[in-house]
Amino acid sequence: INSEDMANDNDEFIVSNSFEFSFDPNATGADYSWDFSELISFSQDSVEFVSISSLPFILQFVFNNPFDPAYQATEGRKLNTIDLIPQIPIEDAYLLTKNTSSKIEELGYGVSFAGVDLPIQFDDKKTLYEFPLAYGNTANDDYSFSIAVPGLGYLGESGNRSYEVDGWGSLTTSFGTFDVLRTRIEQNYEDTIYIDSNEFGITIPRELLIYEWLAEDG
């Protein structure tokens, strides 16, 4: 899997959601066949990637600035919902990513509330994958971000994302059979939230385990 197999600006995908089902996470390896053909979709969502040049000026200033190439995004994923600071209604939200021949990274968020566009730049970027991605590859990366809005609140997150490409083979769903790599992703992080109006703050530790099957050409 290479950078060109990742999503690009102006791409749009349909994501099918299925009921919880049981599978053996240890069932993987070289030339393995995963059969999920019995999964039934009960709903579908769209995932849209937009051009950075279509974003509001302040977001482009932060994420499309040629004088800051490390944070110059290549696409923005439109988010349907995002819980940043509780009690603050988010109107529009984007996750900004940078896709190069060597890796793909999350750079930060762009959000809008009460008519104000707000860039949230990660202090320490999150590497999603290093390229080329192949069976047996492993990697880990620390990341963090924080934002304080006077009179409203504060949100911070820091953690570590690690992955292992622990299988390759074929994946069968109701939509067909695909040649894939499987990745096992662990994400351990802490959310820190403070609400000014309540004068209350909390730190929440979280652990996330994700399995992904990646195919060429997305």
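**Exercise 1. The loop with a proline**

Where is Pro132 found? Locate the residue in this predicted model, then look at the peptide bond that precedes it.

*Solution.* Step one: Pro132 is in the loop between S7 and strand S8 (138-149). Step two: the peptide bond joining Phe131 and Pro132 is cis, with an omega of about -5°.

**Exercise 2. The overall plan**

Describe the chain as a whole, beginning with the order of its elements and ending with its charges.

*Solution.* Let's start with the inventory: there are 1 helix and 11 strands. Reading from the N terminus, the order is β-β-β-α-β-β-β-β-β-β-β-β. The radius of gyration is 19 Å, close to the 17 Å that the globule rule gives for 218 residues, so the chain is as compact as a globular protein of that length.

Next come the dimensions. Along the principal axes, the C-alpha atoms fill a box of roughly 55 × 40 × 30 Å. Of the 218 residues, 39% count as buried. The accessible surface comes to about 12200 Å², and carbon and sulfur atoms hold 49% of that surface.

Now turn to contacts. Take those with a separation of 6 or more: residues 24 or more positions apart account for 59% of them.

Finally, the charges. The chain carries 10 positive and 38 negative charges, and the mean positions of the two sets are 3 Å apart.

**Exercise 3. An aromatic pair, ring by ring**

What kind of aromatic pair do Tyr109 and Phe122 form, and is each ring's residue buried or exposed?

*Solution.* A pair of aromatic rings is described by the distance of the centres and the angle of the planes. The count for this chain comes to 13 aromatic pairs. For Tyr109 and Phe122, the centres are 5.9 Å apart and the planes make an angle of 65°. Planes over 60 degrees apart count as edge-to-face, so the pair of Tyr109 and Phe122 is edge-to-face.

Place both partners next. Tyr109 belongs to strand S6 (residues 103-113) and Phe122 to strand S7 (residues 116-130); the two are 13 residues apart.

For burial, the cut-off is under 20% relative accessible area. Tyr109 has 17% relative accessibility, so it counts as buried. Phe122 has 1%, so it counts as buried too.

**Exercise 4. A ring cluster and its surroundings**

Which residues do ring pairs link into a cluster with Phe23? Follow one member, Tyr211, to its contacts.

*Solution.* The cluster consists of Phe23, Tyr32, Trp34, Phe36, Tyr211 and Trp213. Tyr211 is placed in strand S11. Leaving out residues up to four places away in sequence, Tyr211 touches Phe23, Pro25, Arg182, Thr183 and Arg184. Phe23 is thus on the contact list of Tyr211 and in the cluster as well. As for Thr173, its C-alpha is 15 Å from that of Tyr211, with their positions 38 residues apart in sequence.

**Exercise 5. From Thr172 to Ser174**

Which residues are in contact with Thr172, and which with Ser174, once neighbours within four places in sequence are left aside?

*Solution.* Begin with Thr172, in strand S9 (residues 153-173). At 21% relative accessibility, Thr172 counts as partly exposed. Its contacts are Trp34, Asp35, Phe36, Ser37 and Thr177. Trp213 is 41 residues away along the chain from Thr172, and their C-alpha atoms are separated by 11 Å.

Move on to Ser174, in the loop between S9 and S10. Ser174 counts as exposed, at 51% relative accessibility. Ser174 is in contact with Ser37 and Leu39. Ser37 therefore appears on both lists, that of Thr172 and that of Ser174. Ser174 and Phe36 are 138 residues apart in sequence, yet 7.6 Å apart from C-alpha to C-alpha.

**Exercise 6. Positive phi outside glycine**

What are the phi values of Asp31 and Glu199, and where do these residues lie?

*Solution.* Asp31 is not a glycine, but its phi is positive, about 55°. Asp31 is found in the loop between strand S1 (12-18) and strand S2 (32-35). Its relative accessibility of 58% makes Asp31 exposed.

Glu199 is likewise a residue other than glycine, with a positive phi near 50°. Glu199 lies in the loop between strand S10 (176-195) and strand S11 (200-215). Glu199 is exposed, with a relative accessible area of 67%.

Notes. Residues are numbered from 1 along each chain as its sequence is written. This is a predicted model: local features need pLDDT of at least 70, side-chain atom pairs count only at pLDDT 80 or more; totals for chains, interfaces and linings use all residues. Side-chain values use heavy atoms; hydrogens and water are left out. Helices (H or I, at least four residues) and strands (E, at least two) are DSSP runs, numbered from the N terminus. The radius of gyration is taken over C-alpha atoms; the globule rule is 2.2 Å times the number of residues to the power 0.38. Buried means under 20% relative accessible area, exposed over 50%, partly exposed in between (1.4 Å probe, protein chains only). Contact means heavy atoms within 4.5 Å. Accessible areas come from the Shrake-Rupley method with a 1.4 Å probe; for residues, only the protein chains shown count as cover. Lys and Arg count as positive and Asp and Glu as negative; His and the chain ends are not counted. The place of a charge is taken as NZ of Lys, CZ of Arg, CG of Asp or CD of Glu. Rings of Phe, Tyr and Trp (its six-membered ring) pair if their centres lie within 6.5 Å; planes under 30 degrees apart count as stacked, over 60 as edge-to-face and the rest as tilted.
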